[in-house]
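Colleague: Before we begin, may I ask you to explain the terms as we go, since I am new to this subject?
Modeller: Certainly; let us look at the model together.

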Amino acid sequence: MFKVISAKLVSFFIAITISLITVAFLSLIKSADVTILLVAGGISFASGFILIYYTLEFLIFREINKIYEVIGKIKKKHLRDFDTSVTEVKNSDNPLRTIKQEIVRYVSRKELEIDKLKKLEAYRREFIADVSHELKTPIFAAQGYILTLLDGAVDDDKVKYKFLRKAAKSLNNLDVLVQDLLTLSQLESGGITMKKDYFNLYHLVLEAVDQLEDKAQKKQIQTEIVAPDKDLIVYADYVRIMQVMLNLISNAIKYNKEKGKITIELENLEKSVRVTVTDTGIGIPAEHIDRIFERFYRVDKSRSKKQGGTGLGLSIVKHILENHNSKIKVTSVVGSGTSFSFKLKKRKEDAEKSKDND
Ligand code: ADP
């Protein structure tokens, strides 16, 4: 409606009314002749028109048109044209301007919510597709072995045990995958709260190395812990940091050469302890480095699968460390080896002591 009745038309009618009232009043004065009445009418019309037109245009119509523009964009779903940084409505003398700001603020908030939901939905769809794909491999393998046994292979003593062992291995891989998936989805949805406490990181590393010793020995890999200071009390979740260390060390074994070496260095820094796991393995090409923390990302798919890798280990590591306000760093040289490092916060009084020593 406001678009049809323009500011000019409204101003014209009001100015005409004012000038007619002025002329009517002046005509009551006996000395006022026609010329005076015409001049007075003209002046009151012109000044009335200019005053009303600019008042309407600047204070009301311009703002109303802007509101229409905003509503038009909302209707056409051109929500990206809005400034999403608008979070507060500034109090303006003009209530129409405040209304416009309110609309923009509301729409921007909704736009952010829609964006978030879209990203979540895309993530969910991609996750389901990835998971289904990954689950298929061990299920089909186990199914294949069992069906072959049922087809008659069960009568052949030689192949019977071989196929049963293979089926069991596939089901084992499936179990590891499901466990990793559960951990990752709980970490990503914020379903796992870190149970932080003080513990000696050196002891945790000793335990992790001990747990993986058999695996390392099978490839004749030598493991060394370098820790000039063995009293390294950190504030973290023991179980989760153990998971981080087991994942990093088992990768260092999996992707190492026969008779290779793994060094785990613990550095006592001012406020934290830095852990670095270095191997002498195949290394990671530079173009893959940024992607290895994505779930199911593998540089060499067949190598990872042959070693029983789920492609989720580093994603889990990244999430656990993020929950400790820490970040994992990686450096690698193809053919020479890879280093993963991260920091954990020290006990407060230990941090202050090392500060005094510095
Ligand atoms: P996976 O179960 O495949 O090992 P991860 O998430 O642990 O999954 O690692 C992702 C990929 O990063 C691996 O498939 C491998 O290609 C690469 N990678 C991880 N650690 C190392 C390492 N120490 N040396 C070389 N490549 C590695």
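**The ligand and its surroundings**

Modeller: In this predicted model, an oxygen atom of the ligand is 2.7 Å from an N or O atom in the side chain of Tyr 255. The model is read with these limits: local features need pLDDT of at least 70, side-chain atom pairs count only at pLDDT 80 or more, and totals for chains, interfaces and linings use all residues. Residues are numbered from 1 along each chain as its sequence is written, and side-chain values use heavy atoms, with hydrogens and water left out.

Colleague: Why is the pair at Tyr 255 called a polar contact?
Modeller: A polar contact is a pair of N or O atoms within 3.5 Å; within protein, one must be able to donate a hydrogen and the other to accept it, and residues adjacent in sequence count only if both atoms are side-chain atoms. The distance at Tyr 255 is 2.7 Å, so the pair qualifies.

Colleague: What makes Asp 279 and Leu 314 further examples?
Modeller: A polar side-chain atom of Asp 279 lies 2.9 Å from a ligand nitrogen, and a backbone N or O atom of Leu 314 is 2.8 Å from a ligand oxygen. Both pairs therefore meet the limit. The protein covers 98% of the 530 Å² of accessible area that the ligand has on its own (Shrake-Rupley method, 1.4 Å probe; for residues, only the protein chains shown count as cover).

Colleague: How do you know which classes the residues around the ligand belong to?
Modeller: Ala, Val, Leu, Ile, Met, Phe, Trp, Tyr, Cys and Pro count as nonpolar, Asp, Glu, Lys and Arg as charged, and the others, Gly among them, as polar. The shell accordingly divides into eight nonpolar, eight polar and three charged residues.

**Pocket and cavity**

Colleague: What makes a space a pocket or a cavity?
Modeller: On a 1 Å grid over the protein atoms alone, a cavity is a set of points where a 1.4 Å probe fits but cannot get out; a pocket is an open set with protein on both sides within 12 Å along at least five of seven lines. Lining residues have an atom within 4 Å of a point. The space taken by the ligand is the largest pocket, which is lined by 42 residues, among them Ser 250 and Lys 254.

Colleague: Which residues line the largest cavity?
Modeller: Val 209, Leu 212, Glu 213, Ala 216, Thr 223, Ile 249 and Ile 253 form that lining. By class, five are nonpolar, one is polar and one is charged.

Notes:
Sits in = over half its atoms within 2 Å of the grid points.
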